[in-house]
Amino acid sequence: IAERLAARGFAVTLIDAAAGPASGASGNPVGIIRPLPSLDDNRLSRFLRAGYLHATRHLAALAAEGLPLSWSRCGVLHLARDAPHEATQRRAITEQAPPAEFARFVEREEATRLAGWPVEAGGWWFPGGGWIAPPSLCAANLARHADRIVSRFATTVASLERHGDLWLLRAADGSVIAEAPQVVLAAGAQVGRLVPERLLPVWPGRGTVSLLPAGDLPALDTARECVVCRLGYVTPALDGIRCAGATMARDFDPAPRIDDHIENLHRLDVILPGYARTLDPAQLA
């Protein structure tokens, strides 16, 4: 949001309680870039398609400008859940006829070749999709307009107060951290500390991504590893780690839980049957 506002000429002050960018959910090691078609091309599918196309153009522009960015357009394989879903996926491609570079349907045999591991169904193949290390994207976005974005890290906003035409952002001791005519709240589940819940009902969602040591997993029989999804996802190795996930629960206890890793390994077994059978969920980060 800061980058897009700065690109439109706004002077932006970014205030973050953490020591640097991407300390919260954006700090996940890897994120997946892909659209999500539907048979009726509904609003959600159109919105995600627009977001996907914007994201790939934006990442390419950041990379062309020489900003440090960790990402890859390795392709994303979205396997069907079951036979009816496979038929729906096939129909969506047949009826909508998207460009092959955007999406196409692949049968089980080709899906197995793309994944480098035997899979149970065909699915959508997005050759332009891939993965991104979100912290690198956050840092690149801030660096792109460093002349218009002032970042203030290790700074906690305790309250938000309207005074005339301005918002006053105050610290816990009551001192004013900053003032501005417009404020964007991007604090996730912590937004309830600044806005009454009756005005903006937000509930925390706890999610776990399991980090799998690539050296403890079989090699995939493919020239180029891709992201594979099916009721979950698994990424190519980045710095020796594959990411598999993810769980989501409506609470905010940050303590690790072995049950989350067990659930993620079950998801992975649905995607690539037998691939992670040697992993011990108690040993995963």
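Analyst: Before we look at anything, one convention: two strands pair if DSSP finds at least two bridges between them. Strands are DSSP runs of E with at least two residues, helices are runs of H or I with at least four, and both are numbered from the N terminus. The model is predicted, so to speak of a local feature pLDDT must be at least 70, and side-chain atom pairs count only at pLDDT 80 or more, while totals for chains, interfaces and linings use all residues. Residues are numbered from 1 along each chain as its sequence is written, and side-chain values use heavy atoms, leaving out hydrogens and water.

User: Okay, how do I read a hairpin, and which residue in the turn has a positive phi?

Analyst: The general idea is that strands of a sheet pair through backbone hydrogen bonds, either parallel or antiparallel. Here, strand 9 (residues 159-163) runs antiparallel to strand 10 (residues 166-170), with 5 bridges between them. Just 2 residues separate the two strands of this hairpin, and Gly164 in the turn has a positive phi of about 65°. One bridge joins His163 to Leu166 of strand 10.

User: In what order do the 7 strands of the open sheet lie?

Analyst: The order is 5-6-4-13-14-15-12, with mixed pairing. Strand 5 (104-106) and strand 12 (209-213) have a single partner strand each, so they stand at the edges with one side lacking a neighbour in the sheet. Inside, strand 14 (residues 233-234) and strand 15 (residues 241-245) pair in the antiparallel sense over 2 bridges, and Tyr233 has Gly245 of strand 15 as its bridge partner.

User: Which strands does helix 3 touch?

Analyst: Helix 3 (residues 83-96) touches strand 4 (76-79), strand 5 and strand 6 (123-126), and its direction makes about 145° with that of strand 5. Contact means heavy atoms within 4.5 Å; axes are lines fitted to C-alpha atoms, for helices over the stretch in contact, with angles from 0 to 180 degrees between N-to-C directions. Helix 6 (residues 258-271) lies across strands including strand 4 and strand 12, at about 70° to strand 12.

User: Is Gln89 buried or exposed?

Analyst: Buried means under 20% relative accessible area, exposed over 50%, and partly exposed in between, using a 1.4 Å probe and protein chains only. Gln89 sits in helix 3 and is buried, at 0% relative accessible area. Leaving out residues up to four places away in sequence, Gln89 touches His78, Phe105 and Trp124, among others. Across the chain, 38% of the 285 residues count as buried.

User: And where is His145?

Analyst: His145 is in the loop between helix 5 (134-144) and strand 8 (149-152), and counts as buried at 16% relative accessibility. His145 and Ala7 lie 138 residues apart in sequence, yet their C-alpha atoms are 7.2 Å apart.

User: Last one: how much space lies in the largest cavity?

Analyst: Rolling a probe the size of a water molecule over the atoms shows where empty space is left. On a 1 Å grid over the protein atoms alone, a cavity is a set of points where a 1.4 Å probe fits but cannot get out, and lining residues have an atom within 4 Å of a point. Grid points are joined across faces, edges and corners, and a volume is the space filled by probe spheres set on them. The largest cavity holds about 60 Å³. Its lining has 13 residues, with Ala115, Leu220, Cys226, Val228 and Arg242 nearest the centre.

Notes:
1 Å grid on protein atoms, 1.4 Å probe; cavity = no way out; pocket = protein on both sides within 12 Å on 5 of 7 lines; lining within 4 Å.
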